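Student: Before we discuss this model, could you put the sequence and the coordinates in front of us?

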Amino acid sequence: MELAVITLENTVTNQERSRQIRDLHKKKGQPLAIRFSEELTHIILEAPCLYIRHHEWLDEAVVIEGTIKKSAEYYELHPRTKGKTVNLHLDSELVAELELIRSLVSSKTQQEVLRELFVRGMRSYLAEKEAANSPISANKER
């Protein structure tokens, strides 16, 4: 998984800013890893999406690995490789099938959809396994 990374000098001010970033991530329920460089000279913050309250915190001394987007109350730092656009040319039958799938799952959460896919996959697997074992067991009985 790609991560957005900010490297700050290890100063008292930046330690406080790191705590505020950590608290914002806790409040939003988002993961955040905070570590220090080997020499303890820099603070390194890593997350799939970093949330920062003030743009002034991202001055010239800060090393940023990612792209910054302005949100309503804070700035978001996303990994560079995230959000690639791909243009596909699909035939009408496939488009119709994708639209049908979208309409069936639009009212469900991602967790519900994944659970349903898993259950259907397990049922299909067990049915195939039973079908494969049935002729063998029938031949053994004769």
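Student: Does Arg120 count as buried or exposed, and at what relative accessibility?

Tutor: This is a predicted model, and the accessible area has to be set against the cut-off, by which a residue is exposed when its relative accessible area is over 50%. Because Arg120 has 54% relative accessibility, Arg120 counts as exposed.

Student: With which residue does Arg120 form a salt bridge, and how far apart are the closest N and O atoms?

Tutor: The position in the helix is a useful starting point, since Arg120 and its partner are four residues apart in helix H3 and are therefore separated by about one helical turn. The partner has a relative accessible area of 27%, so that residue is partly exposed. The salt bridge of Arg120 is formed with Glu116, and the closest N and O atoms are 2.9 Å apart.

Student: Which helix supplies the largest share of the lining of the largest pocket?

Tutor: The largest pocket has a volume of about 180 Å³, and among the residues that line this pocket are Glu116 and Arg120. Helices H2 and H3 each supply at least two residues of the lining. The largest share, four residues, comes from H3.

Student: What is the area of the nonpolar surface patch to which Leu90 belongs?

Tutor: Leu90 is found in the loop between strand S7 and helix H2, and Leu90 counts as partly exposed because its relative accessibility is 38%. Together with Val86, Leu88, Leu94, Val95, Leu98 and Ile101, Leu90 makes a nonpolar surface patch of about 620 Å².

Methods. Residues numbered from 1 in each chain as written. Predicted model: local features only at pLDDT ≥ 70, side-chain atom pairs only at ≥ 80, totals over all residues. Heavy atoms only, no water. Patch = residues over 30% accessible without salt bridge, like charges linked within 9 Å, V, L, I, M, F, W, Y side chains within 5 Å. Areas by Shrake-Rupley, 256 points an atom, 1.4 Å probe, with all protein chains shown as cover. Salt bridge = Lys/Arg side-chain N within 4 Å of Asp/Glu carboxyl O. Buried < 20%, exposed > 50% of the residue type's maximum accessible area, 1.4 Å probe, protein only. 1 Å grid on protein atoms, 1.4 Å probe; cavity = no way out; pocket = protein on both sides within 12 Å on 5 of 7 lines; lining within 4 Å. Points joined across faces, edges and corners; volume = space filled by probe spheres on them.
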